[in-house]
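User: Got a model open here and I'd like to talk it through. Can we start with the ground rules for charged pairs?

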Amino acid sequence: MFTNFVSAHQVSPADAMQLIDRAEGFKHGTPVPAHGPVYAANLFFENSTRTHTSFEMAERKLGLTVIPFDPSHSSVTKGETLEDTIKTLAAIGINIAVMRHPADAYYEPLLAASPTLAIVNAGDGAGQHPSQMMLDLMTIHEEFGGFTGLNIGIVGDLSHSRVAHSDAEMLTKLGANIFFSGPEKWFSPEYKQFGPYLPLAELVPKVDVLMLLRVQLERFNADESGAFSKESYHQKYGVTDALAQTMKSRAIIMHPAPVNRDVELASDLVEAPQSRIFMQMHNGVFMRMAMLEAVMHARRFGEVGAAAPAMSERR
Amino acid sequence: MFTNFVSAHQVSPADAMQLIDRAEGFKHGTPVPAHGPVYAANLFFENSTRTHTSFEMAERKLGLTVIPFDPSHSSVTKGETLEDTIKTLAAIGINIAVMRHPADAYYEPLLAASPTLAIVNAGDGAGQHPSQMMLDLMTIHEEFGGFTGLNIGIVGDLSHSRVAHSDAEMLTKLGANIFFSGPEKWFSPEYKQFGPYLPLAELVPKVDVLMLLRVQLERFNADESGAFSKESYHQKYGVTDALAQTMKSRAIIMHPAPVNRDVELASDLVEAPQSRIFMQMHNGVFMRMAMLEAVMHARRFGEVGAAAPAMSERR
Amino acid sequence: MFTNFVSAHQVSPADAMQLIDRAEGFKHGTPVPAHGPVYAANLFFENSTRTHTSFEMAERKLGLTVIPFDPSHSSVTKGETLEDTIKTLAAIGINIAVMRHPADAYYEPLLAASPTLAIVNAGDGAGQHPSQMMLDLMTIHEEFGGFTGLNIGIVGDLSHSRVAHSDAEMLTKLGANIFFSGPEKWFSPEYKQFGPYLPLAELVPKVDVLMLLRVQLERFNADESGAFSKESYHQKYGVTDALAQTMKSRAIIMHPAPVNRDVELASDLVEAPQSRIFMQMHNGVFMRMAMLEAVMHARRFGEVGAAAPAMSERR
């Protein structure tokens, strides 16, 4: 029951398959069932094009009413806590808050803040990004029809990624084999349980899915960033045109984007036939529809005859 | 006739009762009558979560079309006057501009700017905040069924409040008894006509409604702010847990929010059974629906057969 | 076929007449034909009240679904290129991107970026501003019923204007006579093909339409700006009350706004009977409806039975 959707840990393999099925249905034209008014707000405390726009689109396709919220013009600037902001939105009648915030697990104290408001996590610090994980699964499923026995390579900034850990964990549960590469110092111990570290030249020819991670330049501190140039990263840890030649014939390239062109990936490969990068974005809208719908169902939002969320009265 | 809704001074006791009645109706499910397209824009030149989001929600529940407007991305940044901005919005077809602005009575020169556009004031400087006053009245009415003979205590930053004066004036007209407390130097002479200043320990046990005001730390100048610490303010002028024990058994706590927790009010009292703080926010949506509808009726916006707002032609 | 609408050069005289006719129809109540869902986003990388708000209004009157996009909160801040932003929006399902950007011809590399997304240019650097041109034509047509033989004076900051060149070129094609004035050093050679430079006192009594241009103070560099005061500009190159007395009796004043009052134009003339400045804004909504509709038709957006924009599949 997705009364909130905040973490990959909530998602069982059966849940994943059901959400993928529903998202693929929406993609191929399954109409959205009619429902009563449901109010959503998108609270993005970090910049985003893809995730923010994709949720906005998914909400409208689902028939939700979206109430605008701009953190930089809100009372958060007057020192209001996130918890009070959420209680305020609940009191005003918002049903679903889609949130991105730089603090890891920012959502934990919010889950108890209001019984009438659902939180959907669109990314927390270096923590979770469940909608990205789900759209990645959908894209792989669409390509290969399943996960068992697939070889998946996850390459790049593992230590800063809110996608790598979730994807590795869920894909392992679904029967895939995981391999990691990128700068070895970013291969932290937590990843060992899911699969081995391989040199990139060894990983690339082996995998069916080459999942690249964004090098989050903006999170490097000054010292670290001095150690890399874009060119040297690309040669050592990026997928060059030459390296891409060694891929299996049906293997695909994925990336959560925005891509640092010619850093993680040679620029012309972004639109190459084996790239699914823009397809991931396309699928994201339908997956977010499925996720939001799951929350609506769990909460009975918009149901005729469902108890309207009500403020508790004292007497 | 609310052709604009800018000030508490416009509101007679009969108007207030009618608006409360309509807002309570919306709260309990009175459907919104069908109407033709009406266009609203929200111009918030000061940050806000509650008021801004509440108006956005009220507009959508009323079936208005909301055109986004962000002052920081507007031509105001090129030196355009507020008057020319309003004339522009009117020319483009906006019917209702909901505005918050730091200048006292910013709306005065705007009322004549366009005959086709209504102004709804969502707060001007240290002046008026009529929708806050109206939702306060609604919350008190809902609790006690009337106003006559109620004892109301208004406590805190009286000199910077755009709510205190309006609430005191209207509640007096409606038959309530008003008492003030907080730092005595903020009890300016204008308040004496409505009621006496009392020490807080004397006021709290006496009142049915304890209306606290936000200490607007952001408006203090450096000198004044140095004179207060949060702790010392809370001990001298805030409602502590101990003080709250002296309240009447059916008395309620109100606050326009955002609350400075442990300054005006002990943090755990914000959600205590006697608090109506989140209920005020909840009621605000329905009251703003009633206010916007009153403006629509006065202007005949959205009426079938009503003269469409038209640009005047020269010949 | 307006598969994109980026430049005045695309618009033939026959196109112009057809768009004017459609816009005038919308203004006088022609209903918008029903259509399937079409998704628009407005990407304003420069501040704007009029153009941005006008497009937002036009989109809603046309029944488009508008997905919010704020460049300052987007991944553009993480270094994403405009081209990748457009590809992203296309992948997410946006059909029409209305854009304003400070770079001249920013749209050129974007036209090939996605086969499923239309670009509507709302102003590029000192380049094109086709919707302003079209609403100017509509306003003149509405006043005089045609263009042949009309005398049109274009006055002011010719070198920085994205309107002057387009208007002069199109009005010439439509049979009008063009005259220029303002600081003579801004009368660059490209304008000579359309008409002569005249001293302002000679131009004003001669014209049917006095089109003033905004002095774009914000684009002056420090040196240039030091050379002008508002007062001296107004006396030398602005339309003073005295000068306006010399206009023909049926002549009109136009200005794309925002007006620098008492610089290009005496303040009281902005609302004078001969001014069409607010009528231009009013007409702009209907013209933008006609332009967006032309793009929808060219692309078959929203048509029942039209091929849905689809992501290309690899196999």
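Analyst: Sure. A salt bridge here is a side-chain nitrogen of Lys or Arg within 4 Å of a carboxyl oxygen of Asp or Glu. Keep in mind that this is a predicted model.

User: Okay, which residue does B:Arg162 form a salt bridge with?

Analyst: B:Glu46. The closest N and O atoms are 3.2 Å apart, and the cut-off is 4 Å, so the pair counts.

User: Where do those two sit in chain B?

Analyst: In distant parts of the chain, 116 residues apart. B:Arg162 is in the loop between strand 5 (151–155) and helix 6 (164–173) of chain B. B:Glu46 is in the loop between strand 1 (39–44) and helix 2 (50–61) of chain B.

User: How many salt bridges does the structure hold over all chains?

Analyst: 33 salt bridges.

User: And how many across the interface of chain C and chain B?

Analyst: Three salt bridges. One joins the side chains of B:Glu80 and C:Arg50, at 2.7 Å from N to O. There are also six residue pairs in polar contact between chain C and chain B, both residues at pLDDT 80 or more.

User: Which elements of chain C give two or more residues to the side that touches chain B?

Analyst: Helix 2 (50–61) and helix 10 (277–299) of chain C. Helix 2 of chain C gives the largest share, seven residues.

User: How do the residues on that side of chain C divide into nonpolar, polar and charged?

Analyst: Nine nonpolar, nine polar and 14 charged.

User: Now the extent. How many residues are in contact between chain C and chain B?

Analyst: 32 residues of chain C touch 27 residues of chain B. The two chains bury about 2,600 Å² between them. Carbon and sulfur atoms carry 55% of that.

User: Which residues of chain C lose the most area to chain B?

Analyst: C:Asn47, C:Thr49 and C:Met57. Together they make up 23% of what the chain C side buries.

User: Let's switch to symmetry. What turn lays chain C on chain B?

Analyst: A turn of 120 degrees, with a shift of 0.0 Å along the axis and an RMSD of 0.0 Å. That is the relation of a three-fold axis.

User: Which residue of chain C comes closest to the rotation axis?

Analyst: C:Pro68, with its C-alpha at 5.1 Å. The copies use different surfaces, though: 3% of the contact residues of chain C recur in chain B.

User: What about chain A and chain B, what rotation superposes them?

Analyst: A rotation of 120 degrees, with 0.0 Å of shift along the axis and an RMSD of 0.0 Å. In chain A, the C-alpha nearest the axis belongs to A:Pro68, at 5.1 Å. Again the copies use different surfaces, and 4% of the contact residues of chain A recur in chain B.

User: How many residues does that contact take from each chain?

Analyst: 27 residues from chain A and 32 residues from chain B. The buried area is about 2,600 Å², with 55% from carbon and sulfur atoms.

User: Which side chains meet in a salt bridge there?

Analyst: A:Glu80 and B:Arg50, at 2.7 Å from N to O. The interface of chain A and chain B has three salt bridges. Five residue pairs are in polar contact there, both residues at pLDDT 80 or more.

User: And which elements does chain A use?

Analyst: Strand 2 (65–66) and helix 3 (82–92) of chain A each give two or more residues to the side that touches chain B. Helix 3 of chain A gives the largest share, six residues. That side divides into 11 nonpolar, nine polar and seven charged residues.

User: New topic: aromatics. How many pairs over all chains?

Analyst: 24 aromatic pairs. Among them, A:Trp186 and A:Tyr233 form a tilted one, 6.4 Å centre to centre with 35 degrees between the planes. Those two are 47 residues apart. A:Trp186 is in the loop between strand 6 (177–181) and helix 6 (200–203) of chain A, and A:Tyr233 is in helix 8 (residues 230–237) of chain A.

User: Last one, backbone quirks. Is the peptide bond from B:Ala257 to B:Pro258 cis or trans?

Analyst: Cis, with omega near 0 degrees. B:Pro258 is in the loop between strand 8 (252–254) and helix 11 (277–299) of chain B. B:Asp262 is also in the loop between strand 8 and helix 11 of chain B. Phi of B:Asp262 is near 65 degrees, a positive value in a residue other than glycine. In chain C, a cis peptide bond joins C:Ala257 and C:Pro258.

Notes: Residues are numbered from 1 along each chain as its sequence is written. Chains are lettered from A and ligands numbered from 1 in the order in which they are written. This is a predicted model: local features need pLDDT of at least 70, side-chain atom pairs count only at pLDDT 80 or more; totals for chains, interfaces and linings use all residues. Side-chain values use heavy atoms; hydrogens and water are left out. Copies are superposed by least squares on the C-alpha atoms of residues with pLDDT of at least 70 in both. Contact means heavy atoms within 4.5 Å. Buried area is the accessible area (1.4 Å probe) that two parts lose on being put together, summed over both. A polar contact is a pair of N or O atoms within 3.5 Å; within protein, one must be able to donate a hydrogen and the other to accept it, and residues adjacent in sequence count only if both atoms are side-chain atoms. Helices (H or I, at least four residues) and strands (E, at least two) are DSSP runs, numbered from the N terminus. Ala, Val, Leu, Ile, Met, Phe, Trp, Tyr, Cys and Pro count as nonpolar, Asp, Glu, Lys and Arg as charged, and the others, Gly among them, as polar. Rings of Phe, Tyr and Trp (its six-membered ring) pair if their centres lie within 6.5 Å; planes under 30 degrees apart count as stacked, over 60 as edge-to-face and the rest as tilted.
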